[in-house]
Amino acid sequence: MKFTVGQIAELLGGTVEGSATASVYKLEKIEEAQEGSLAFLSNLKYENFLYTTAASAVIVSHQLELKQATQAALIRVDDPYLSFTRLLEEYQKLKGRLMQGVENPSFIGENVSIGEAHYRGAFSYIGHNCRIGDQVRIYPQAYVGDNVTIGNNTTIFAGAKIYADCVIGNDCIIHAGAVIGSPGFGFAPQKDGTYRDIPQLGNVILEDKVNIGANTTIDCATMGSTIVREGTKIDNLVMLAHNVEVGRHTVIAAQTGISGSTKIGDHCVIAGQVGIVGHIALANKTTVGAQSGVSKSIKEEGTFIQGSPAFDYKQNLRALAVLRRLPEIEKQVNELKEKI
């Protein structure tokens, strides 16, 4: 679909410099944009592309002072990055509206209620007694088990699996290959050295606006619920064990593993390849640096930890600086020993 620069500016609450009647119909990066495309400039490292881009329009900040004239029309806004993100969201919604109807073959069980304007892809499976909201998109080969609840405007991408009894909120996105509600890793050691399965009877609850990355796994609770709170974003290849609770608007990067019954606070940032032991808690606004191993609770809000075992970020940097100097320090110590 085509839009005028003026229409885009009105949507974003911005102002136009240049032709408001120019047409745009695609979104592209400023360094690669062609005629008919809309780009944005947020990082000033890319400012030189503003004067050479073939884009028909570029979203820029109100504060940007031009060094030379531009061929592209400018849409000035308070925050170009957030404005472009909003456009991407609107574009995604538009694509979602086009995805409606049922492809065959697909399966839907008994006593299922499903809302308006939904989409079910070929070979998708919906179990019995499910409650599914409006504008839900379930892509091919996705699996939804019995007694699952899914809120409005949620997308389940191809090959994702949602086990029985799970609850998925409104405006959630579950990417391809993710598994929600698989049994927790619970085994009781026996006297003869074997292990006995502990039945995992709970479920998983994803609150509204939660994103789950591709091939991420979230185990159901042994009893009760494993919970991911509103607005949290989880990257690809993350593992949450049984009875974990993750707070609101927290972000967790790829290849992180969180052991059972650990509680993560609100607005936390957990970088890639972090390991967190079970039965501890991280306070709100905790930041954990990449490849850290967290072995004890963090009680103070706003703490930044790094390392394995993880401790205060600045102390960790000082410790690493000393570690790099160990050969030199050893040499100095040996020289002093000889003098003594």
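Is L320 buried or exposed, or does L320 count as partly exposed? At 37% relative accessibility, L320 counts as partly exposed, because that value falls between the cut-offs of 20% for buried and 50% for exposed. The model is predicted.

**The nonpolar patch**

L320 lies in helix α4. On the surface, L320 joins L317, V322, L323 and L326 in a nonpolar patch. Together these residues have about 410 Å² of accessible area. Helix α4 covers residues 313-324. This helix gives the most to the patch, with 4 residues.

**Domains and the largest pocket**

The protein chain is divided into two parts: domain 1 spans 3-98 and domain 2 spans 104-314. Taken over C-alpha atoms, the domain centres are separated by 35 Å.

How many residues line the largest pocket? The lining has 23 residues. L88, E89, Q92, K93 and I173 lie nearest the pocket centre. The space in this pocket is about 750 Å³. Helix α3, residues 80-98, provides the largest share of the lining, with 11 residues.

**Backbone features**

Most residues other than glycine have a negative phi, and most peptide bonds are trans. Three places in this model deserve a look against that background.

The peptide bond from N104 to P105 is cis, with omega near 0°. P105 lies in the loop between β8 (101-102) and β9 (107-108).

N111 has a positive phi, near 55°. N111 is found in the loop between β9 and β10 (113-114).

Q135 also has a positive phi, near 55°. The loop between β13 (131-132) and β14 (137-138) holds Q135. With 37% relative accessibility, Q135 counts as partly exposed.

**Salt bridges**

The count comes to 6 salt bridges. Among them are these three pairs:

| Pair | Closest N to O distance |
|---|---|
| K67 and E47 | 3.1 Å |
| R229 and E207 | 2.9 Å |
| E328 and R325 | 4.0 Å |

Take K67 and E47, whose side chains meet in a salt bridge. The pair links distant parts of the chain, 20 residues apart. K67 sits in the loop between β6 (57-61) and β7 (73-77). E47 sits in helix α2, residues 47-50. Which partner is buried, and which is exposed? E47 is buried, because its relative accessible area of 8% is under the 20% cut-off. K67 counts as exposed, because its 63% relative accessibility is over the 50% cut-off.

The side chains of R229 and E207 also meet in a salt bridge. R229 lies in the loop between β27 (225-228) and β28 (233-234), and E207 in the loop between β24 (203-206) and β25 (211-212), so the pair ties together parts that are 22 residues apart in sequence. R229 counts as partly exposed at 28% relative accessibility. E207 counts as partly exposed at 24%. What else are these two residues linked with? E207 and R229 are linked with E245 in a network of salt bridges.

E328 pairs with R325 in a salt bridge, and the closest N and O atoms are 4.0 Å apart. E328 counts as partly exposed, at 40% relative accessibility. R325 is partly exposed too, with a relative accessible area of 41%.

Conventions
Residues are numbered from 1 along each chain as its sequence is written. This is a predicted model: local features need pLDDT of at least 70, side-chain atom pairs count only at pLDDT 80 or more; totals for chains, interfaces and linings use all residues. Side-chain values use heavy atoms; hydrogens and water are left out. Patches are made of residues with over 30% relative accessible area and no salt bridge: like charges are joined within 9 Å, nonpolar side chains (Val, Leu, Ile, Met, Phe, Trp, Tyr) within 5 Å. Accessible areas come from the Shrake-Rupley method with a 1.4 Å probe; for residues, only the protein chains shown count as cover. Helices (H or I, at least four residues) and strands (E, at least two) are DSSP runs, numbered from the N terminus. Buried means under 20% relative accessible area, exposed over 50%, partly exposed in between (1.4 Å probe, protein chains only). Domain bounds come from an automatic or database domain assignment. On a 1 Å grid over the protein atoms alone, a cavity is a set of points where a 1.4 Å probe fits but cannot get out, and a pocket is an open set with protein on both sides within 12 Å along at least five of seven lines; lining residues have an atom within 4 Å of a point. Grid points are joined across faces, edges and corners, and a volume is the space filled by probe spheres set on the points.
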